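Please open the model in a viewer and keep the sequence panel beside it. The tour below proceeds by selection, with a description at each stop.

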Amino acid sequence: MARRAGERVASIYPDLWQSLAPDEWDRRVDAALIDAFHRGLRCEADAIRYLSLAAEYGWDFLDRADCAWMRRILEDARITDSSARIRRLFEECRRRAAVAAGNARQREEFLR
Amino acid sequence: MSSDGLSGRLGQAAEAAAAAPATPASEVVQPCPLRERWAIEVRVEGNDKRPVAAVAVRLAKGAQSILGALTGADGLVRFDGLPAGSYTITLPELDAEAWRALAVEALAPDKAKSSGDADWGAPPSDGEGPGSWTIAPGDCLASVAFATGFAKDTVWNYGANSELASRRSSGYDLEQGDVLHIPKKRQKTIQGQTGNRYPVQLVDVPERLKIRFVRVNLKPKENEPYLLEVTAADGSPLPARQGSTDGAGFLDEPIPPNAAEARVLLGRKPGQIEYLFRLGEMNPPTEWGGVQRRLINLGYLDDEVTTGEPDEPTKQALLRLQSDYDLQATGELDAPTKAKIQELFLS
């Protein structure tokens, strides 16, 4: 399951995957998935979500101050299902990215 | 990093996750066809009927087992894997007066049923709440009430706040250091049946942002196109909105109560101007800092020179305003001058 999730995410982030030394990708995927496991994320779908966020925002994203909002969602005790927490974080990242992209387009049009 | 690229990559990851197994390999079991499972949905909306995200919703089975979730961007929470029956729904972070239940809706047959078993947990201790809130820059009654789970009126009319309410014209005129007392929260519940959706409405969401744009001669900038970008207190961007000021120069748009910053791009090229508003940071007009911010916004005072004290630039600004409106030229913040500033500034 870990291998499949790692390969799937590598195919979405080919530049990142190619930029890493041999075995480095696997080492980072293993470390991230151990962390994900401790957060209650056990299925392949959640592993792909977690690895994608690590690839996108940086492997240390949960330790960084600029990503504190992500950690808050992933550790939000109001959501009792750990799988629901990663789904919520993933969807919030998608929402923010889509809003930022849409706003940039609107601003460009408005300034034209 | 381009937000378009980010959006696209996360979209690909979402498709990959949707296609991957969502059950741990060790737990893959064939569901018993005789054991039906159902769902309950809760939809949270504002009083403008738009969905409200990130509201905590709890489903309880007896006193010891709960499911907890937050509403998504569509305002929905769905609890799956429930045996048919009745469950208690609460919005645990909200006071009873902060929301109302709307008419229940039956889910479509394909949405009413679900599979798997809900993963029940023990109820957390919800704590006592803050008791009081000391106003910091960016706070106002609306943001504090929203953050603490109350309707604005519940907080403002709370007996312990009567002395503060007598000193301030409204809950939007609070000064840094003011203390709002927060009442004890009262819980409200709905008895929900599987197969239904329970819409609820938050009474004070959204807030409204009203800004009046005027020219140097204080004539309104009427029918000017604008682009409004709002950021919430947690840094979350909201979709930009476009519109035009009305005949009196007003921009009037709904915003979440925890909005922290509004950027307005106003007008057509080549005269477009960008304004940045830090919401809730205006001191009351009874304080020198509040008077000076109003004089700045009205174009009488330079942003660079404010001191929060009755200084010479402020005196000169008051003299200019008094001259423009045929008030006695004192350079002082006397009652007629104060009233004129509040009239022009609308607060």
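In which helix of chain A is the place of A:Q106? Select A:Q106: its place is in helix α6 of chain A, residues 82-111. Helices here are DSSP runs of H or I with at least four residues, strands are runs of E with at least two, and both are numbered from the N terminus.

Before going further, note that this is a predicted model, in which local features need pLDDT of at least 70 and side-chain atom pairs count only at pLDDT 80 or more, while totals for chains, interfaces and linings use all residues. Residues are numbered from 1 along each chain as its sequence is written, chains are lettered from A and ligands numbered from 1 in the order in which they are written, and side-chain values use heavy atoms, with hydrogens and water left out.

**Stop 1: around A:Q106**

Display the surroundings of A:Q106. Leaving aside neighbours within four places in sequence, A:Q106 is in contact (heavy atoms within 4.5 Å) with B:L227, B:A240 and B:Q242. The side chains of A:Q106 and B:Q242 make a polar contact at 2.8 Å. A polar contact is a pair of N or O atoms within 3.5 Å; within protein, one must be able to donate a hydrogen and the other to accept it, and residues adjacent in sequence count only if both atoms are side-chain atoms. Now add A:R27, which is 79 residues from A:Q106 along the chain; the two C-alpha atoms are separated by 41 Å.

**Stop 2: chain A as a whole**

Select chain A and show it as a cartoon. Chain A has 6 helices and 0 strands. The C-alpha trace of chain A spans about 50 × 40 × 25 Å along its principal axes.

**Stop 3: the interface**

Select the residues of each chain that touch the other: 47 residues of chain B are in contact with 36 residues of chain A. The area buried between the two chains is about 3,600 Å², and carbon and sulfur atoms give 58% of that area. Buried area is the accessible area (1.4 Å probe) that two parts lose on being put together, summed over both. Highlight B:L10, B:L70 and B:P237, which supply 15% of the area that chain B buries against chain A, more than any other three residues.

Next, display the charged pairs. There are 5 salt bridges between chain B and chain A, a salt bridge being a side-chain nitrogen of Lys or Arg within 4 Å of a carboxyl oxygen of Asp or Glu. B:E93 forms a salt bridge with A:R78, with the closest N and O atoms 2.8 Å apart. Across the interface, 18 residue pairs are in polar contact, both residues at pLDDT 80 or more.

Colour the side of chain B that touches chain A by element. α1 (3-19), β3 (65-70), β14 (225-232) and β17 (259-266) of chain B each supply at least two residues of that side. The largest share, 12 residues, comes from α1(B).

**Stop 4: backbone details in chain B**

Which residue does a cis peptide bond join to B:V205? Select B:P206: a cis peptide bond joins B:V205 and B:P206, with omega about 0 degrees. B:P206 lies in the loop between β12 (196-202) and β13 (207-212) of chain B. Another cis peptide bond joins B:K269 and B:P270, with omega about 5 degrees. B:P270 lies in the loop between β17 and β18 (273-278) of chain B.

Finally, select B:A54 in the loop between β1 (37-45) and β2 (56-61) of chain B. B:A54 has a positive phi of about 65 degrees although it is not a glycine. Most residues other than glycine have a negative phi, and most peptide bonds are trans.
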